[in-house]
Number of protein chains: 4
Amino acid sequence: MGAKKKDILIQFNRDIILASARKLFQLSGINRTSMDEIAREADCSKSTIYVYFKNKDEIINYIVYEHMVLLRDALQECTPDNKDFERSYYAICNTLVDFQEQYPLYFESLLSEIDVEQEKIQQPGLLADIYKAGEQINDIIGELLKSGIEHNCLRENLELIPTVFYLWSSISGIILLTNQKQKYLKMRVGMDKTMFLNYSFKTLLQSIIK
Amino acid sequence: MGAKKKDILIQFNRDIILASARKLFQLSGINRTSMDEIAREADCSKSTIYVYFKNKDEIINYIVYEHMVLLRDALQECTPDNKDFERSYYAICNTLVDFQEQYPLYFESLLSEIDVEQEKIQQPGLLADIYKAGEQINDIIGELLKSGIEHNCLRENLELIPTVFYLWSSISGIILLTNQKQKYLKMRVGMDKTMFLNYSFKTLLQSIIK
Amino acid sequence: MGAKKKDILIQFNRDIILASARKLFQLSGINRTSMDEIAREADCSKSTIYVYFKNKDEIINYIVYEHMVLLRDALQECTPDNKDFERSYYAICNTLVDFQEQYPLYFESLLSEIDVEQEKIQQPGLLADIYKAGEQINDIIGELLKSGIEHNCLRENLELIPTVFYLWSSISGIILLTNQKQKYLKMRVGMDKTMFLNYSFKTLLQSIIK
Amino acid sequence: MGAKKKDILIQFNRDIILASARKLFQLSGINRTSMDEIAREADCSKSTIYVYFKNKDEIINYIVYEHMVLLRDALQECTPDNKDFERSYYAICNTLVDFQEQYPLYFESLLSEIDVEQEKIQQPGLLADIYKAGEQINDIIGELLKSGIEHNCLRENLELIPTVFYLWSSISGIILLTNQKQKYLKMRVGMDKTMFLNYSFKTLLQSIIK
DNA sequence: TATGAATGAGCATTCATTCAT
DNA sequence: AATGAATGAATGCTCATTCAT
């Protein structure tokens, strides 16, 4: 069997395990998914999983990484030219909303990710990759803001990097809470999710544009 | 023994258990605190706990409720007269920051609380109380906004209730992220926590005031 | 139920677990005995064991301790008056031989016991008790030697404490090896175990008596 | 490829595996060294190890055998002429002490080796070889004693073969215990390892010389 | 009311060995 | 001869909850 074919097979099995984990994580949460369950779902023995992955964390990190890449790529497409600031801004917001809807687990992981120790980020590996993807996401927003400043459509006293974090955290907070209080909002405010999100994103935008 | 006396005794025992749980939750986190540990701390048997509380969740909910009340009362004091809008706004922000610092556990629970089923909120009980406290917190912010509108210092196209949620979620998001990325912010942005928070709250304020 | 009766019941259950462990340890060795097996043998659930013992080590230590006490008490009876040095010496040797035959596992544990950290010995507990029992065994041999010196039947240049360890280690070594090479001895030397042991103990004695 | 060439290659591969195992055993103990680790160290696949060795035990036995040979050869050099009995005796003691220090793992295996079933020793194989090396070690001590008797420096009532075992077991016991109770001896007896060993070997010698 | 006792279900990880290719 | 892949069987320990008394 050619080396290539073999690699494909390996990847195939890894993928089955990852797919099983992904499915179960989505279904019942990461912590409540046991290695036993992943093995059952992947139709292999528990020890086989340990042939392909060092431990549960490696699986988790891998899947978290996948989703960060997914998000990063989706965000990348929001700012094709950075010419129309507002359009790009709303695209980013909506991409995040979509991401949250599709992958609520990983949306939360974006927010709750603990400050990883510097050393672990330095050495190459999954953790470093996750960190890099996070940086790239920041850069996307950073680039957008930079061009916004260049095109003179943003307030003058804005500081670039802090504003990246300000936007990121506000938007995330809005999406997080909207999702949790969805029913409540409908009942109390009479607004559906989308309406409220649009209202909030529009209002938030006021804080940075002229 | 009179019924009243009995009630007092019951409350007394509940309080001891709650105090023990509170202490241990703060110390080592909710999940890592076992019923065994609570019992040991409360100097009673594990089963005694089950006499006073249905299960661990009831204890958790109770303590979550307590902290919501704490927060609610602290927020109440931020808006003594609602005359100075900005002053009240910053007071609220800072109160939330302080709360997060003192009770990080319960700050997160504010955000991650899952949309409880309507039925459970309807029938009186802890869940309903928690819900009510949440409402009251919303009302505080609502009152502030209302007076802001009356004093004519807010944008005209603001809608009251949605703005309450918008503010609440943005502020929470900002605090959440700041706390998690503290080291990172220091390193990357060169700003310490307080500076970044002030910058963000100030910027956020721009989105609603004239 | 009286406190006494309760204590008896507790002790009863502890004893069942200990008896099961003792039996299985003897049968298949300490390491190869799992907590699952002990539970099965004791006819209780694995978690019940953890109600009565902190962990496997506590069980092991307890049983090791029991056997050290057994040995200590048996040795104590070997030197009723310390008048007849030789008689006491041989009694000690034979007691050790018997102990090895009955409890080979714990005989080895006597020899392989790792130098425990001082701290653990200082604070009261099983480990301290084991240590103390070891000391008492040393003392028994020490007392015997002392009286031997007083009765003027030992070489003059003997140093008390080092000789205690010298004797202890030589006798143990002899018993250990005899047991392992039993068949071999029979075949090669044409001596049975007892004969060889007697020969060795007699020879060893020559090294300390006048 | 000639049969001889093939054999050399096979031996070459076996040696690599053995060297890896030897290194890792020394480093972290036999039990804590996994076949995976040996394979990694030997830069071959785990299954390849099973081509060259039946199982882990065969590897262990082989390495145990190697060390017995090492010891045997070192002991051989202790009795170049058997003229000076005492000198040879001390040389043997010190060789054993050195061996224990360098290869504690295999020193213990000398003592704990279970009485292997006769059948396994009869048929040629590793176990027979180990057995033979043991015999040769006995013979070295035996020869020394014989010449001691011939030179008339030993007690007259000594029996040759039993004395071989007597010495071997006593010396081993002394070294074993000294090593385990090193700290304790220092503290309690105020003697360091070397002093105590010398004292013990000297005392033991008294039991066989005139 | 209070509690001692008991437990089922879970959990991540290890490892020597086998077997088809 | 060489090996990649797969795995069964363990293993020590945790914990919320129940129930008879």
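Ala, Val, Leu, Ile, Met, Phe, Trp, Tyr, Cys and Pro count here as nonpolar, Asp, Glu, Lys and Arg as charged, and the others, Gly among them, as polar. By these classes, the surface near DNA strand F has 11 nonpolar, 16 polar and six charged residues; near is used for a residue with a heavy atom within 4 Å of the strand.

A word on the model before we go on. It is a predicted one, in which local features need pLDDT of at least 70, side-chain atom pairs count only at pLDDT 80 or more, and totals for chains, interfaces and linings use all residues. Residues are numbered from 1 along each chain as its sequence is written, chains are lettered from A and ligands numbered from 1 in the order in which they are written, and side-chain values use heavy atoms, with hydrogens and water left out.

**The two DNA strands**

Let us stay with DNA strand F for a moment. It has 33 residues around it, and Ser47(A), Lys46(C), Ser47(D), Thr48(D) and Tyr52(D) come nearest. Sugar or phosphate supplies 55% of the strand F atoms within 4 Å of the protein, and bases supply the rest. At least two surface residues each come from α1 (3–28) and α3 of chain A, and from α3 of chains B, C and D. Helices are DSSP runs of H or I with at least four residues, numbered from the N terminus.

Turning to DNA strand E, 33 residues surround this strand, the closest being Ser47(B), Thr48(B), Tyr52(B), Ser47(C) and Tyr52(C). Of the strand E atoms that come within 4 Å of the protein, 55% are in sugar and phosphate. Here α1 (3–28) and α3 (46–52) of chain C, along with α3 (46–52) of chains A, B and D, each give at least two residues to the nearby surface. That surface divides into 11 nonpolar, 16 polar and six charged residues.

The table lists polar contacts to both strands (pairs of N or O atoms within 3.5 Å).

| Protein atom | DNA atom | Distance |
|---|---|---|
| Met35(A), backbone | strand E, phosphate oxygen | 3.0 Å |
| Met35(D), backbone | strand E, phosphate oxygen | 2.7 Å |
| Lys46(D), side chain | strand E, base oxygen | 2.9 Å |
| Thr48(A), side chain | strand F, phosphate oxygen | 2.6 Å |
| Ser34(C), side chain | strand F, phosphate oxygen | 3.4 Å |
| Lys56(C), side chain | strand F, phosphate oxygen | 2.8 Å |

**How the chains are arranged**

A turn of 176° and a shift of 0.1 Å along the axis lay chain D on chain C with an RMSD of 1.0 Å, the superposition being by least squares on C-alpha atoms of residues with pLDDT of at least 70 in both. The two copies are therefore related as by a two-fold rotation axis. Gly173(D) is the residue of chain D closest to that axis, with its C-alpha at 1.8 Å. Both copies use the same surface, since 98% of the contact residues of chain D recur in chain C; contact means heavy atoms within 4.5 Å. Chain C does not touch chain A, their nearest C-alpha atoms being 19 Å apart, nor does chain C touch chain B, where the corresponding value is 11 Å.

**Inside chains C and D**

Helix α4 of chain C (residues 56–76) has 21 residues and should span 30 Å at 1.5 Å a residue, which agrees with the 30 Å between its end C-alpha atoms. Its buried residues include Ile59(C), Ile63(C), His67(C) and Arg72(C), where buried means under 20% relative accessible area (1.4 Å probe, protein chains only).

In chain D, Gln100(D) sits in helix α5 (residues 85–102). Gln100(D) counts as buried because its relative accessibility is 7%. Beyond its neighbours within four places in sequence, Gln100(D) is in contact with Phe107(D), Ile175(D), Asn179(D) and Lys193(D).

Technical notes:
Polar contact = N/O pair within 3.5 Å; in protein donor to acceptor, adjacent residues only side chain to side chain. Expected span 1.5 Å × (residues − 1). Buried < 20%, exposed > 50% of the residue type's maximum accessible area, 1.4 Å probe, protein only.
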